[in-house]
Structure formats: C-alpha cells, structure tokens
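Dear colleague,

I am handing over the structure shown below, together with a written account of what was found in it. Please read the account with the structure open beside you.

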Amino acid sequence: MSTTVLIIIGAVIVVVLLWLVLTYNGLVRLRNEAQQGESSIDIQLKRRADLIPNLVEAVKGYAAHEQEAFERVTAARAHALEARTLGDKAAADGETRSALGGLLAVAEAYPQLRAVESFTLLQAELSDTEDKIAAARRYYNNVVQRYNTKQQSFPANVIAGPFGFGPREFYRIEDDAERDPVKVEITA
Amino acid sequence: MTLQEQIRSARMRTVLVLFLFVVLVALVVAAVYVFFGQGFGLIMALVAVGYGIFAYVAAGSIVASASGARPVSKEEAPELYRTVENAAIAAGLAKTPDIYIIDDAAPNAFAAGRTPEKAYVAATTGILALLDRRELEGVMAHEIAHVRNRDVRLMTLAAVMVGVISMIADMLLWATVFGGGRNSNNQNPIGAIIAIAAIILAPIGGALLQMALSRRREYLADATAAELTGDPEGLARALYKLAVDQHPLQHVNRATAHLWIESPLRDHHGLRSSVGGLFDTHPPLQERIDRLQEMGGFQLPPIPAGGAEA
C-alpha cells in the first residue's frame, strides 16, 4: 500500500521535473535566439553606418551646398552608433532611414552624380543593406513573438516569472512603409 | 487559414504521417515475427538497420553531382546571392548556405544538405532568367525554409525507411514463395493472412506516406517562405510562372524529386495528375498558389488549362 503511494508520488515528481527542465530549456533557447536576432540586426546597422561617410562624401563632391541633408544624415548616424537599448536603436534606425531618404532625394537632382560608378555601387550596397536590416528585423520579431507567447501562456508562465524570463520588446520603427510579417487575415 | 495557422496545421499533419510510418514499421516487424520467429527475425532486423544506415550515409553525396550543379561566386550572380543571404538572415541561419547554379533552361531550384551548416541551395539558369527579383526572393526563401525546417534530413529518413520496408517485404515474399516460413503452418491462419497482406501492402503504404509527407513539407516551406519574406505574393507569382513554363528539366530522377521547388517530374499536359495525386511529391501548383493567396489576401488569375498557351 505505502509502496504504491510512494511510487505514484515518485512518478509525479519525475514528470514535474521533466516538464520543468524541458520548459526551462525551451525558454532559454528562445531567449538566446532573440539575443542572436538582435546581434544580427546590430551587424547590419553597423554595416549601414560604415557606408554613410562614403555616401556623404560622394554626394558632397557634386552638391556641397546641401548642408542640411548632410547634417541630418551625420547626426542620425551618430545616434545609431550611440544607441544601446533596443528602443534607441530602433529610433535611430528610423531617423537614419528618413535622413538617407533625404540625401538620396538630393542626389537625384544631379544627373552627373548618378552617372558616377562608385556612387551607383554605394547606392546598390545601401539598398542591399536596407533589405538585410529588414530581414534581420523580421527574424527578431518572429522569435520575440514566439518567446513572448510561450512565456505568457499556461503552464510555462508559472515558471517564467520566478526564473527571470520577462517579455521582450519588438523592434519597431516609427515611420513605416516597410513590409512586416504578414498579418492580413482572409478566410476562404 | 492565416500564415501561422497554416504552419501549425502542416506541423501537426507531419506528426500524423510520422505516426502512421511507425505503425507501418511495427506491422512489418510483426509480420517478420509471424513468419520467422524471434531468432531469424532479429537477424533480419539487424540487416535492415545496417542497410538503413548505409543508405542514409550514402544518400548525402548523391544530389549535387547527379543534378550537374556548379558552385557560383557572388560576383557572378549578385542578385541570387543577395536573395539567399536575405532569406538566411530572416530564417536566423548561422551561415548563408553555399550557392550552386545548374545550366538548364528548365526553371527550378532546390535545397540539399542534412544540417543547416552543411546546406546548399541551387537554382537553374532557367529560373534566374524567368523570374524577377521579387519572385526569386520567394523561391529562394522557400528553399531556405526547407533548410530551416530540416526537410532534407526528414525526407532522406523517410526514403530510407521506405527502402528498408521494401527490402524486408521482398525477403518475406521470397521466403513464402520458397516455403521458408517454418512457423507459418502451425500458427493461426488469420495471423498468416494478415502477415501476407502486410508484406504486399507495406511498400505501397510506405511510398504513399513518403509522398504525403513530402507534400506536407512543401506546404510548410511555402508558408515559412511567406514568413521569411513577408511577401506571399512574390512566391505565388513565381509558382504561377513555373506552372505556365514548358521546359522539361534534364537531370532528373525520382530519388531527388522532393527537393525541387516544383516537381521536376510533372506531366506538362495536366496540372492535376492521375490517382488523385497520391504518388506526387508536390501538391498541385494551383493549390499552393491558392493557399498563398489565402494568407496574403491577393488574387492572381487561375493557371490556364494545359499549363500554357504555347
């Protein structure tokens, strides 16, 4: 009689421990993936920041008097390099994008500039980097969504709090013509 | 269904198919026991496992050489490189897979390599010429989705399992033909009948399950690709163009059919093949386009009957 009870108690403890380990490891894995996603965004933001000085130089050669556009881009780049928190990074990212948009609009007005090969190469490089930032954002936001859902839903939420798994913020840019993960819901 | 629902549904159906696979293998093992008893059954099980491991290892090196793919540099194909890099970043892969080109006018693409680290993707010159950038992005995201979802390993395993099942079934058939079933006489006849039925039906069932699994993974890869690019319409447009295209692929065999973006074996006269498509590696293109339309909320014209006007 008492052995049966002991076996049952033992089995329950084993099951609970197993669940604990699996859930904990699942949360750790998702948190690491989110971390990795954030560094992947950082890498691409850095790549864009590295392109900016050359781009500014190239445009300056033809449009030296467009001071305002240059200053905006340079300031935005400085903000991007200073940013430490995810929110600051996203804000600086948005600022850089709109400033770069302004700079390229200036460049549009100078046909000789657009004929320069080094400039067109820079421009292609920049648009490639923009695509990669967008891809890294999508990955990060997808992972964060999975992580947050898991960490908030029962029964994982029981251990998420005590073990220090808080919700993570999404990487959002303010202005946004950008294509986000599809959310459109159409039923057949 | 929305994107997330489609992903969940494809995963659940994968589990179901895998469960049926296990049931099938259990049936075959039971049949072996009925016919040969435990001792010989064990030897056969060892032979089967050995064969399975050999086949799995050997399967790794077949694809690239068999399809005539050659590695390509970033300077040679910058756009292809960019689309693959972007999809790999969006999928969170640790490294961008190696990229190959196949000199073939038929538009197609595939992914191979059992782990994401060893993965590579290939595209034919035909598909590079046919698709615009947005469409190519969708196709390469579909291939990267196969890599991330570990489909190559899954499908290799499925193929090996079907091979093992067929091998055992063949041996059992020989054994019955030459009267080797030493236990079959004194066992109950119902068991023997079930065992014979299992021998005959198991390989067919295995092949059916393998193809069903392949089609599930195609739907899943489509949905994942839409998630990676955030643009289901790009992939849908690409599939539409592939449906209308008429070039047959040159280096093709049945063993690697499940790896391609669309079935290289497709009969170009009918989009929906016979036997209800049960033996197809890929779902009908129209069905795949429909699902992408459902998650993206856009509408393409239906694929013209017969594949194309030309």
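A residue is called exposed if 12 or fewer other C-beta atoms lie within 10 Å of its own, and buried if 20 or more do. With that in mind, please note that this is a predicted model, and that the values below were computed from it.

Helix H2 of chain A, residues 67–82, is a good place to begin. The face of H2(A) turned away from its buried side carries the exposed residues A:Gln67, A:Glu68, A:Glu71 and A:Glu82. The buried residues of this helix are A:Ala69, A:Phe70, A:Val73, A:Ala76, A:Arg77 and A:Ala80. Viewed down the axis of H2(A), these buried residues fall within an arc of 135°, and they therefore line one face of the helix. Among the elements that cover them are helix H1 (2–60) and helix H3 (86–108) of chain A. As for its length, H2(A) has 16 residues and reaches 23 Å from its first C-alpha to its last, which is close to the 22 Å expected at 1.5 Å a residue.

Chain A as a whole comes next. It has six helices and zero strands, so that its elements, read from the N terminus on, run α-α-α-α-α-α. The C-alpha trace of chain A spans about 95 × 45 × 25 Å along its principal axes. Its radius of gyration is 24 Å, whereas a compact globule of 188 residues would have one near 16 Å. Of the 188 residues in chain A, 27% count as buried. Among contacts between residues at least 6 apart in the sequence of this chain, 77% join residues at least 24 apart.

Chain B contains both kinds of element: nine helices and four strands. Along the sequence they follow the pattern α-α-β-α-β-β-β-α-α-α-α-α-α. Of the 310 residues of chain B, 47% count as buried. For contacts in chain B between residues at least 6 apart in sequence, 75% join residues at least 24 apart.

How are the four strands of chain B ordered in their sheet? They form an open sheet in the order E1-E2-E4-E3, with mixed pairing. Strands E1 (69–71) and E3 (109–112) of chain B stand at the edges; each has a single partner strand, so one side of each is left without a neighbour in the sheet. Neighbouring strands of this sheet are turned by 30° against each other on average, direction ignored. E1(B) is joined by three bridges to strand E2 (residues 98–102) of chain B, and the two run antiparallel. Within this pair, B:Arg70 stands opposite B:Ile101 in E2(B). Helix H5 of chain B (residues 133–148) lies across E3 and strand E4 (120–124) of that chain, running at about 20° to E3(B).

One last residue may serve as an exercise in the definition above. Is B:Ala197 buried or exposed? B:Ala197 has 12 other C-beta atoms within 10 Å, and it is therefore exposed. This residue is placed in helix H7 (residues 189–229) of chain B. From B:Ala197 to B:Arg216 there are 19 residues in sequence and 28 Å in space, C-alpha to C-alpha.

With kind regards

Definitions and conventions:
Residues are numbered from 1 along each chain as its sequence is written. Chains are lettered from A and ligands numbered from 1 in the order in which they are written. This is a predicted model: local features need pLDDT of at least 70, side-chain atom pairs count only at pLDDT 80 or more; totals for chains, interfaces and linings use all residues. Two residues are in contact if their C-beta atoms, placed from the backbone, lie within 7 Å. Two strands pair if DSSP finds at least two bridges between them. Axes are lines fitted to C-alpha atoms, for helices over the stretch in contact, and angles run from 0 to 180 degrees between N-to-C directions. The expected span of a helix is 1.5 Å times one less than its number of residues. The arc is that of the directions from the helix axis to the C-beta atoms. The radius of gyration is taken over C-alpha atoms; the globule rule is 2.2 Å times the number of residues to the power 0.38.
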